[in-house]
Each structure stands twice: as structure tokens, then as C-alpha cells.
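Work through these short exercises with the structure in view. Try each task before you read its solution.

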Amino acid sequence: MTGAPYDLVVVGGGPAGVAGALTAALAGLRVALLDSGARLGGQYFRHAAVPEREPGLDRFLLQARLLDGRADVLTRHQVWNVSREPGGDLTVHALTRDSSGERPVTLRARRLLIATGAHDRPLPFPGWDLPGVLTAGGAQALLKGGGVLAGRRVVISGTGPFLLPVASGLARAGAAVLGVYEANGGLGLARHPLLALGKAGEAAAYAAALARHRVPYRTRHAVIAAHGEREVEAVTVARLDPDWNVLSTRIVGCDTLAVGYGFVPQIELGTQLGCETRGDPDGSPVLRVDAAQRTSVPGVWAAGEPTGVAGWRQAEVEGRIAGRAIVGEARPIARRGPDGVLLRRRRQWRAFGEALQRAYPVRPGWQSWLRDDTLVCRCEEVPLARVREALELGATDARSVKLLARPGMGWCQGRVCGYAVSCLAGEAPRPPRRPVAQPVTLGALAEAAPEDSPDEAAQ
Amino acid sequence: MSDVIVVGAGVVGAACAYYAARAGLDVTVVDRGPVAGGTTGSGEGNVLVSDKEPGPELELAMLSNGLWRALAEHGGFEFEPKGGLVVAETDEIQRRLTELAGKQGVEHAMVSGAELRDYEPHLAEGLAGGVYYPQDAQVQPMLAAASLLRHGAESFGRGTLRLRLGVTVTGVLRSGGRVTGVRTSQGDVLGDAVVNAAGTWGGEIAALAGVELPILPRRGFILVTEPLREPLIRHKVYTAAYVTNVASDSAGLETSAVVEGTPAGTVLIGASRERVGFDRTTSVPVLARLAEQAVALFPALREVRAIRSYCGFRPYCPDHLPVIGADPRVPGLYHACGHEGAGIGLAPATGHLLAQLLAGERPDLDLRPFRPDRFSEEAA
Amino acid sequence: MTFHITVDGRPVPVVPGQSIGAALHAAGVRSWRTTRFGGRPRGLFCGIGVCFDCLISVNGRPPERACLLEAEPGDEVTTA
């Protein structure tokens, strides 16, 4: 373990984390930033070694360059636990890999900024575990990070405005996008909620891109099944009623399906530390923060999607607000008042994010797409029938369904199936309990053992 | 109106309800949460006879061991008669293990240092020996509790078994000194007898009835590894320190290596004990120590990844014995709680003996060592 | 510009900076392990290290997430 604690450790190298780290580092704080990726960027600003042009990317890359040299930037580091030491400092437990294998890295910090982003929220349906079925974010990551097309003939389905950049990105890169099926809305692109939210330019650009590549955009439609032997070969597209019950179906041949039904904020480092949570409009548990992005736990801030999904602009704004507040706490003499412009922007983008969540809810009809043998949990291969059995045996919530039928007990710890299992159990998703947030070899974990006697270690 | 109200739908409550219904009684089980939502849901599923000193708890464990085997024949949950291997690091510990095994009167085989790898090929080198207990077993405790509740009354019972979940007991109803039911968050539930099977929270239920039961939480963490393609560990394997830790009165942290594979392919790693109240905060030093001890026992685990961990609260009584029987201080109140870390293993015997009491029969075992008022006598 | 890794002995081209998963996907290899109960094929799903579907063994090491692991020249990948 390094000697003196950092003034600030930031977890997550997307727009929120980089903005927060840079703000603090520029004010002279000793800062470390950890990210699991090989390059900074997070999901939105994921980029290849030689980046393509993207809105906002230049600005992000400039911030990342400025951060380099002013802070310890530790890429390829996965944080698996943050805990409070008896003395009040925080211990950040991470893993990294080098030529000799996996190796634990432990940092001490006076303050922590959680900027861990979000991941796609998938819904189960028959065939969703066939190779060639990816999350929308997965298809996007392949393209942005590796320059790889997820497939040649691609169908995109789910809900939310994120489907649009995924579709236009794939079409631009040369894939035949056979259709974008948006389960919500009935309005079509011309009256897309993005327009009402003052993002006419962005919406128009997507609409133009889809039109240029002749990509059909259908609302109140969704892919409700994927078919194929070893890989996806076709999908069933359904016309839906407003509750997402199936009205009619047809088969569309394709080699790839990208699906996404919103996002799951990654908040487990916060819940490890006991941070309070609240429900976002879409039901997702997110970290509760005050006007300065402070969580309920002293010394712990959060910015970006973990405080509520609202996109990369909001993430950067929140990162900057958190950074300023952290500087103010660390250097009371240099304390500056809140920046009115930042606060106004944050309010705007928060309203935008919440409006999108309300415009693109997950409706209960998806449960009727499942068959008894449809896997709900991909890791432990738990079919719907076993989840139902658990409910009949006396499981009254998602946790007891997990205890009885094992969905969420596998590798991903319920990140993929957790939302669906909560819906099936009839409750809103609860804050995650993941004391070991990333797999850690027992050898690496053993190295975190204190060298004194166990009785002393407990003090 | 039921004959019996069981408070707690964990494995002990489920067993009490199952055997009572089987004896012809009408049973209502109430729990503030789901089935197996408390300590049962945080357990490894130990059905052990190897870790107990000779005496009443061992007798209970032996009775229970046979009952689990009978229950498992009806299916509905995993029961693995895998056997337990207690290993000794030194000759002195091996001598003490030998002595204990001699006194227990439980089926066992002495294992020399050279023979250890016939039992567990991946054990570390240099261990002095061990004792193998073929009767040690493991059940999937949540499913076991759920199947006892579900199938028990349906298939074999003459009485009825009703399950009311999400119902919090807020009071114990009495008339003329006798218990007549419980007050709950969803109205009164009436019954001739109330069984307190609230596990770690058994002291709170007792307090609602106006009696004291000194049950405290003793926290334990378990590490779970990634699922392995090939089983690495065949038996439940633990070091001799486990036996002394189980019996210890220390409030501080105590750990010992307890390692076993599961049908899902994962390896479960315990065991830690500390008295810190109901604090769920994960202690990385404790997890690290569990990992360290497991790797020392099975070096091949070094490269295996832990993918999650969880903690639970064992219901702990000062004398490490459970509380089983009628409470002479409150007629109609029965207790079946305080089993510490052995609740899964001891559940069927507890349920069976309590059902005998409820049905007016003479219990198969002497219940005096488990009597609920023993603590106040000691104090007096 | 590109280099190669081998997948079950077969060479697969890699653009520097690509993950093992991206390189396999680009080469048309879309599944590389099977599940332990149902024997179902698995490859990339979330693509960002969350789902663990894409676990793969590289250079004989225990399985890792192909989507996070950057390919390096000479990597030998074995599929199950």
C-alpha cells in the first residue's frame, strides 16, 4: 500500500470522472483516477487507439490529456471494493494485470468520487442468449473501441433514444441496418421526444442518417424472439400495444441483433460504503447526492449516471461540480461558491434525463414474450419456470427468488438479469449488495490480509 | 384458529411446521419476510456431526442427521452426503482430534498425513493428518426450508400448513396468562401454541411475550468462487481450529478454514465469527483472511477467483446450545431458536422433538439441556 | 499495422488496441465457450465487462473477459 493517502481517488474514467479529477488536480490536490479500460473515455467516449471524430470527443480528449501528468491515471484497473478504515480514510482495492499476471493494487484516499457510469439494461426473451445477440451498448463498444461491425445484417430493438446513435453508427460503418424497433412511442421520428427537449439538431441528424441509409424506424414494435442453431439467423418482430402485449408478428432474417431497454447505473461501490439511494423515475436505484454531489457518506461524492441516468453532458457537469466541492473541502481557504452556470446546466440536463426515462419506460407486456424455458439468468441458466417455482415456494422478493432458484448468483452477480428478476418478483429493483464487485483471485485477495493477528485485525 | 403458530419461515420454523402438521396439527407459519430470508438464506447448509463435543448437541445432531436423510428421499432440495474431513496441521492437533473422535462415538476413520490426498488430492503438503466423518453432509438450506413448508404438509401431513409471508409479529396475545396467538402487522392470528422460531431475532419475539432469551448475533462471512468445470474439492474440509472457534466465547474475530465444493460448481469458503451486532458492512480484512486460509489448505485455489461474498448472523446463546421446548414462564409459548451456526443441521431434530411436545408425546431426547429458562436460573 | 493471434492454432488478424473479443468477432468467430449446464454457445453480449458471457482462456491462463482483454502479438487463445 502506498504511504500518504491521496486527497482524492476517482473511480471511472468517463466524462464525469475525468472532469472531477481534472478540476481537483488543477487546484493542486493529489489525485488518482482508476478505470477498467485500456484508455479513458468510459462507454460514451470509448475510442480506438486512433480516435474517430464524435461530438464532444475532442473536448473530452483534451481534458484527458490535461489530466495526464497532473494525476495518477491508472487504466486497466478494476476496483472491487472500497471500504472505510477505522481511522476515517478510505481504502480502494483494485486489480490490475501485467505480464506476470493479476496483481492487487491498494490505494488510500481521503475522498472518493464514484463515477462508474452505467451499463445496458437488457430484458430476457426467447433466444436472447444466442451468439450474435448483443446489447446495443455492446454493438456500440465493438464499433467505437475496436472498429468492428457487430454484424452485416443488423436488427436493433429496445427502447430509448440510445438506439438511434447505435443504428446510425452501424449504418455509417457499412452494416445493413434492417430496422430499428422502438417498443414505446407511437409518434415516429418526426415527433421524437428529443425534439421537445431542445435537442432538435441531434434528433434531426439521426433522422437524416437513418433516412440516408434507408433504415426503417418503427415505434410500438420490438423483437420478441431470436432464432438460430449456433447463432442468431432470424428474429420475430412484433407489433405491440401500449403495454407491450403482442398484436401481430413477423420473421425478419438477420445475422445480428442489438437490444437495449435503458440503463442500469453502477452504484455498488456506493452501496458498499453504505451510501443512501433513491429511485430514479424508471425505478433504478441511484445514489442520493446533495447540491454539491456529496453522497450521504462523508468523504464520498458521486457524479454521472450513478446519480441518475442523464447522459454524458450531465456527467461532465456533475463531475465538475463534485470536483469544485471536493477542492472546497480540501482547501477551505480556496473555497469558491457554487458555479451558477454549472448548477443551471445540471438542472436542465437532469430534467432532460428524467423526461427521457418517463418517455421510454419498460412496460409489463414483455413478460408475456417469455416461455417457460426462456433463460432469465444467463450465468446460472435459470429458466422462467424455475423463477415461477421459487415464487410459488414462498419467495416474495427478488432476493429470495435468487436464494431459491439462483438467478443472479453467477459471474455477473445479477447485473444482467437483476432488473428482470425484480419485475418478475413484482418489486422495484433494490440497491445491489456486491461486496466483491469484480472477481478477484483468492491469491490476490489473500494479499489484502493484515499481517497482525486476526483478533487485532478486528479492532 | 390454528393449533400452532410458528413465528419464522427459516429452516427451523419450516421443520417445526412440517413435523407438527405431520403429527396432525393445524399450523400457521408467519414471517415478516420471505421463506428462508434470514440466517437460513446466509448459510452453507452444514449438516455436521464432526464438529461437536460429546453431549446433548451431538445427540441432537445425530438424530437430525438421520432425519435429514429421510427427508431428502422426498426430494425438492439438494442433499449431498459428501462426508467431512477435519485436517490437522501438526501432530499435536492430530492427537487432540483423535482424542475427540474417540469420545464422540460417531462413525469416523483416522487419516494419516500420507493418506490425506487419497481423500482430497489438492490438499497442501505437510499436513499431519485428519479424521474423516462419513455422516457429515450438506443441504441447500433455502430450498430445503421451502420444500419442507410446501411439500411437507401437502404430501405427508394430516394437519394443515398455512404460510403467511410479509407479516410482522408485533405482539403476543395472552388470555389469563396463556398464549392465545400473535398480533401482527396484518391483524391478529389466533392459535393454541406459539413457536418462536425467529432465529437470531428470537430474543425479540420472546421479549414480546415478556420473557428474556439471551440470543445474540454472531456475524459470519462466506466467500463464493467462480464455478469450476472440474470439482476441486470433494468433501467438506476444515481445519481443527474450526471446532475450538465454534465453542469459543470470544467477541473478537475468529477465523478458520472451511472449504467445500457445491453442485453448482462453486467453492464456498468460511468461516469467520465475530460479535458486532447486526452490522452488514463488509470487512475486507476478514475476507482476505478467509482467502489466505483457504489457499494455505488448497494451494490450487490461489488462481481461482472469488466472485461474491455474503454475510449472515448466527443466533448465539451464551452456552452455545439452542433453546428448544416449552417456556414454563408463559404457558403456550415454545421456543426453537438459538442454534448458532448449526441451525440447518439441527432443524429436523428440533422440529421433530417440538412436534412431539406439541402433540403431547414424550420427546425422543431429553430436552432439559435446551430448556428456555436455563439462563435466568444461572443468573439467579 | 496488424498482427496475429492464434485461435485454436488458427491465425486471426488483430488491429492494435483491439480486444480479444473484438478480434474474434471481426474474424467471424462469434462464440468460444459453452455453458456448463446446457452446453449453450456464448460469445460477446454486453461488450463492456459486465456480463461475463465472453470468458476465454488466453495463453493457458484461467478464463478472462475477452471484451476487456487487449490482444497482444502471439496470444494463443483456446476455445472450449
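## Exercises on chain A and its partner

**Exercise 1.** Find how the contacts of chain A are spread along its sequence.
Solution. The model is predicted. Step one: take the contacts in chain A with a separation of 6 or more. Step two: pick those between residues 24 or more positions apart. They account for 64%.

**Exercise 2.** Count the helices and strands of chain A, then decide how compact the chain is.
Solution. Chain A has 14 helices and 23 strands. Next, take its radius of gyration, 22 Å. The globule rule gives 23 Å for 459 residues. The two values are close, so chain A is as compact as a globular protein of that length. Along the principal axes, its C-alpha atoms fill a box of roughly 65 × 50 × 40 Å.

**Exercise 3.** What share of chain A is buried, and what does the chain expose?
Solution. Buried means under 20% relative accessible area. By that cut-off, 60% of the 459 residues are buried. Now turn to the surface. Chain A exposes about 17300 Å². Carbon and sulfur atoms supply 50% of that area.

**Exercise 4.** Locate the charges of chain A relative to each other.
Solution. Count first: 55 positive and 45 negative charges. Then compare their mean positions, which lie 8 Å apart.

**Exercise 5.** Describe the interface between chain A and chain B.
Solution. Start with contacts: 40 residues of chain A touch 44 residues of chain B. Then take the area. The two chains bury about 3500 Å² between them. Carbon and sulfur atoms hold 63% of it. Last, name the residues of chain A that lose the most area to chain B: L393(A), W411(A) and L442(A). Together they make up 20% of what that side buries.

Note on methods: Residues are numbered from 1 along each chain as its sequence is written. Chains are lettered from A and ligands numbered from 1 in the order in which they are written. This is a predicted model: local features need pLDDT of at least 70, side-chain atom pairs count only at pLDDT 80 or more; totals for chains, interfaces and linings use all residues. Side-chain values use heavy atoms; hydrogens and water are left out. Helices (H or I, at least four residues) and strands (E, at least two) are DSSP runs, numbered from the N terminus. The radius of gyration is taken over C-alpha atoms; the globule rule is 2.2 Å times the number of residues to the power 0.38. Buried means under 20% relative accessible area, exposed over 50%, partly exposed in between (1.4 Å probe, protein chains only). Contact means heavy atoms within 4.5 Å. Accessible areas come from the Shrake-Rupley method with a 1.4 Å probe; for residues, only the protein chains shown count as cover. Lys and Arg count as positive and Asp and Glu as negative; His and the chain ends are not counted. The place of a charge is taken as NZ of Lys, CZ of Arg, CG of Asp or CD of Glu. Buried area is the accessible area (1.4 Å probe) that two parts lose on being put together, summed over both.
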